[in-house]
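User: I have a model open and would like to know how the labels attached to it are justified. Could you take me through the reasoning?

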Amino acid sequence: MSTKAYENLLNAPNKYFFTPTSFEKSSGAWPVRVGISEANVRRHAFKGPRIEPHYSLIFILDGEGVFIQKGKKYPLKRNDLFGIFPQIPHEYISNKCDPMQYLRLTFEGSQSVQLLERIGIKRCTPFKVNGYTSVTLLHLRELIEQAENTTDRDSDLVRLSIFLQLFRSLSRHVPDELRNIDCSDEWLEQGREHMELHYSENISIETIAKHVGIERSYFSRKFKAAYGITPLKYLQNIRINAAKKLLETTDLSLSAIAPSVGYVDIFSFSKAFKKNTGISPVDYRAATNRHVLGDTK
């Protein structure tokens, strides 16, 4: 892209927010915001350690800095690109002598992770040197122009088309080895730990998948491949094992045990317990007590 074209892009307003239509939300991913950040007011450091609710791509237009995620530092310069994932702490700091100017594209959707994988951006590989070309910037300029156009009745269709073309421009030169890097162990372990810590709360496989930023069916498929058990069965096992300990070691009523291990009532708890163990909670407690008494004698 020419120097003048760069300057035109840098002079764009800081933020454009999109209101996604039902058509866009029915697709795998859609843009939420686009615009220049810190283009006019240059700071030495910004965006300190934080987490964000959406996915973003950051395109470095000028200057230098560093992107930090999970203790790893990635030096930034013009034409570099990095991704931000929901709920993952990160920060990026501008060089004091040559402050950064960058363009942010924020997006959402259940297929966002798979879309990022197409361009080689994953949780374990969030950064790319010379990650974009002038064609990508032209698409970003088109998105901004589309945001300024409020009269087009098919604006959602046009916006989604440009958004996907932009990712096509980014994926065009990504080698297969970069696309095929497997980072699943990281977010699968994060999901498993979330179950272990929060099994007593009102969590589901859908909320767990959302917590790690993965679409539910994709999360379930990868989880079973990695651990040999579905995430739903894994969560149920955690809850039933916790219930067994309470039945064995306490005199708590079933109405107290049920919510303590993540069930909304006695009926759903008893049904799940018997399905998992082949015996009701009452009979399990009685059998355990008989066993303890037998050992004592």
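Analyst: Happy to; below, each label is set against the criterion behind it. Please keep in mind that this is a predicted model.

User: Let's begin with the whole chain. What is the protein chain made of, and how much of it is buried?

Analyst: The protein chain has 13 helices and 10 strands. Of its 297 residues, 46% are buried. The area the protein chain exposes is about 15400 Å², with carbon and sulfur atoms supplying 52% of it. As for contacts between residues at least 6 apart in sequence, 72% join residues at least 24 apart.

User: Why is Q114 called buried?

Analyst: Buried means under 20% relative accessible area. Q114 has 18% relative accessibility, so Q114 counts as buried. You will find Q114 in helix 3, residues 112–118. Leaving out residues up to four places away in sequence, Q114 touches E215 and Y218.

User: And why is N79 called partly exposed?

Analyst: Partly exposed is the class between under 20% and over 50%. The relative accessible area of N79 is 22%, so N79 is partly exposed. N79 sits in the loop that runs between strand 6 (72–76) and strand 7 (81–84).

User: What makes the phi of N79 worth a remark?

Analyst: The phi of N79 is near 80°, which is a positive value in a residue other than glycine. N130 gets a similar remark: its phi is near 45°, again positive in a residue other than glycine. N130 belongs to the loop between strand 10 and helix 4.

User: Y218 was one of the contacts of Q114. Which residues of helix 9 are buried, and how do you know on which side they lie?

Analyst: Y218, F219 and F223 are the buried residues to look at in helix 9. They cover an arc of only 125° around the axis, so they are on the same side of helix 9. R221 and A225, on the other side of helix 9, are exposed.

User: How do you know that the length of helix 9 agrees with its residue count?

Analyst: Helix 9 covers residues 216–227, and its 12 residues at 1.5 Å a residue should span 16 Å. The end C-alpha atoms are 16 Å apart, so the two values agree. Just after helix 9 comes G228, with a positive phi of about 75°.

User: What does the same check give for helix 4?

Analyst: The 15 residues of helix 4 should span 21 Å at 1.5 Å a residue, and the end C-alpha atoms are 21 Å apart, so this helix agrees as well. The buried residues of helix 4 are T136, L137, H139, L140, R141, L143, I144, Q146 and A147.

User: Which strands does helix 4 lie across?

Analyst: Helix 4 (residues 134–148) lies across strand 1, strand 2, strand 4 (55–62) and strand 9, and runs at about 70° to strand 9.

User: In what order do the strands of the open sheet come, and why are strand 1 and strand 10 said to stand at the edges?

Analyst: The open sheet has six strands in the order 1-2-9-4-7-10, with antiparallel pairing. Strand 1 (16–17) and strand 10 (127–128) each have a single partner strand, so one side of each is left without a neighbour in the sheet.

User: How do you know that strand 2 and strand 9 pair?

Analyst: Pairing asks for at least two bridges. Strand 2 (residues 30–37) and strand 9 (residues 101–108) pair in the antiparallel sense over seven bridges. Here S37 stands opposite Y102 in strand 9.

User: Which strands does strand 4 pair with?

Analyst: Strand 4 pairs in the antiparallel sense with strand 9 over seven bridges, and with strand 7 over four bridges. F59 has L103 in strand 9 as its bridge partner, while L57 stands opposite G83 in strand 7.

User: What makes strand 4 mostly covered?

Analyst: Seven of the eight residues of strand 4 are buried.

User: And why is strand 8 called largely enclosed?

Analyst: Four of the five residues of strand 8 (residues 90–94) are buried, so strand 8 is largely enclosed by the rest of the structure. Strand 8 pairs with strand 5 (residues 65–69) in the antiparallel sense over five bridges, and H90 in strand 8 is the bridge partner of Q69.

Definitions and conventions:
Residues are numbered from 1 along each chain as its sequence is written. This is a predicted model: local features need pLDDT of at least 70, side-chain atom pairs count only at pLDDT 80 or more; totals for chains, interfaces and linings use all residues. Side-chain values use heavy atoms; hydrogens and water are left out. Buried means under 20% relative accessible area, exposed over 50%, partly exposed in between (1.4 Å probe, protein chains only). Helices (H or I, at least four residues) and strands (E, at least two) are DSSP runs, numbered from the N terminus. The expected span of a helix is 1.5 Å times one less than its number of residues. The arc is that of the directions from the helix axis to the C-beta atoms. Contact means heavy atoms within 4.5 Å. Axes are lines fitted to C-alpha atoms, for helices over the stretch in contact, and angles run from 0 to 180 degrees between N-to-C directions. Accessible areas come from the Shrake-Rupley method with a 1.4 Å probe; for residues, only the protein chains shown count as cover.
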